[in-house]
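Reader: I am new to this structure and should like some guidance. Could you take me through it?

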Amino acid sequence: MKRFLCMACAVMLLATGCSSSKESSTGTETTAAAAQAETTASAGEQKATEAKADSGDKLVVWFATSGSRGDHGTCDVTWDALAELQEKYPDKLDIHILEAGKDQSLYEAQFLEVLDSGCDIFTCSANYSMADLVSKYVNDYPDTVFWFTDMGTEYQFANPDTCAGMAFKQNEVMFLSGALAAKLSKTGVIGFVGGMESTVICDFGAGYIDGARYVNPDIKVIFSFVGNFDDSAKGKELALVQANMGADVIHNVAGTAGLGVLEACADAGIYALGVDTDQRETFLNKGDQKIADAIVTSSLKKWGNSHALFVERYMNDPGSINWGTIERWGIKEDGVGLCKNDYFESNVPDDLKSFIEELETKVSSGEITPITAMGMETSEWEELKKSVALDN
């Protein structure tokens with residue numbers, strides 16, 4: 001069983017990559033907007049003293065993200081869950097966020113600064129190779145435990161005694177969205193625009209194909225990949241091409257690039273499916289009703305549950321954590337699910353909602369096991385795509 005080491009926590013201005021640091025009810029917030037090499041040692045020492053006084057005997061938790069609050073996406077969802085946990089255990093937890101940004105060259109200095117400051121739990125995702133970089137140093141910090149989210153199932157931890165992680169069963173929620181897409185489609189052609197053709201993104205695609213074929217064995221699925229997760233213009237271009245080829249429902253699995261996919265669907269007058277968070281809400285918050293109304297639902301990966309539940313488990317029942325392994329969280333574990341917001345409830349016919357709920361129950365119980373790309377050979381993935389190609 002892991003023991004809590006209530007350490008003298010130093011929260012310092014980052015010598016490289018830190019643009020601001022301020023106190024809030026949920027801990028210290030650090031943003032890496034630009035490197036500030038001139039930060040003095042005396043300023044850092046003062047911050048360390050302040051943080052030590054604030055932390056006391058609380059369990060010190062750091063959540064590192066490549067995003068930033070206000071994204072109406074995974075960062076907001078995760079931070080909101082951690083903030084709620086902070087409110088639930090104000091005398092036991094001292095939770096902080098490191099908004100590390102997209103520049104990977106700044107990560108190492110920022111991560112080491114946090115770890116050196118005195119950190120009991122460090123959590124991050126596989127995004128932008130954050131987990132890979134942190135893993136290089138886990139053996140140097142034996143009194144810190146590490147939780148990595150959205151990993152590959154075959155990931156090998158550098159220290160199996162202090163590290164654990166989880167992989168979403170995105171193929172399960174995509175089975176539902178694939179079935180929904182096939183039901184909504186009038187052309188028998190649906191689309192999928194991914195960021196990069198990685199194992200996780202392919203797992204989205206495998207579930208999507210499986211669910212669509214469950215409804216319509218003759219369904220056609222057009223696959224396109226942006227090549228990154230940032231180029232929204234390219235995402236829009238690819239989605240418009242798919243629409244011109246007959247796709248009347250397109251699923252976005254492309255991060256920021258996927259925002260262009262959703263815009264293209266609105267412009268083309270076809271259905272869009274979002275990803276990770278409630279992307280209809282994202283566009284409503286931006287005041288863009290047209291794009292919001294194109295998004296029937298989103299395939300959710302419940303990032304907040306992953307990070308917050310790990311912290312709570314470690315605090316209350318560390319023996320429940322499978323150290324050195326990658327847990328898989330699907331519908332049954334409340335790791336994934338379709339977004340059933342007011343728009344979904346109002347616009348999806350009752351018989352179709354009932355059908356999706358039945359599928360959800362069957363997947364959760366194990367009666368249906370959707371295809372997964374985890375462990376799938378490249379040749380198998382290519383054959384799966386080919387089986388639903390337009391020219392097949």
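Author: A caution comes first: residues 1-28 keep a pLDDT (the predictor's confidence in each residue, from 0 to 100) under 50. The model has 109 contacts beyond four places in sequence for residues 1-28, a contact being heavy atoms within 4.5 Å.

Reader: For which residues does the model have 52 such contacts?

Author: Those are residues 30-53, where pLDDT also stays under 50. Where pLDDT is low, the predicted coordinates should not be read in detail.

Reader: What does the chain average?

Author: The average pLDDT is 87, and 86% of the residues score at least 70. This is a predicted model, in which local features need pLDDT of at least 70 and side-chain atom pairs count only at 80 or more, while totals for chains, interfaces and linings use all residues. Residues are numbered from 1 along each chain as its sequence is written, and side-chain values use heavy atoms, without hydrogens and water.

Reader: Turning to β6, why is it largely enclosed?

Author: Strand β6 (residues 145-149) is largely enclosed by the rest of the structure because five of its five residues are buried, meaning under 20% relative accessible area with a 1.4 Å probe, protein chains only. Strands are DSSP E runs of at least two residues, and helices H or I runs of at least four, numbered from the N terminus.

Reader: Which residues lie on each side?

Author: V145, W147 and T149 are on one side, F146 and F148 on the other.

Reader: And how many bridges join β6 to β7?

Author: Four, with the strands parallel; pairing requires at least two DSSP bridges. T149 stands opposite M166 in β7.

Conventions:
Buried < 20%, exposed > 50% of the residue type's maximum accessible area, 1.4 Å probe, protein only.
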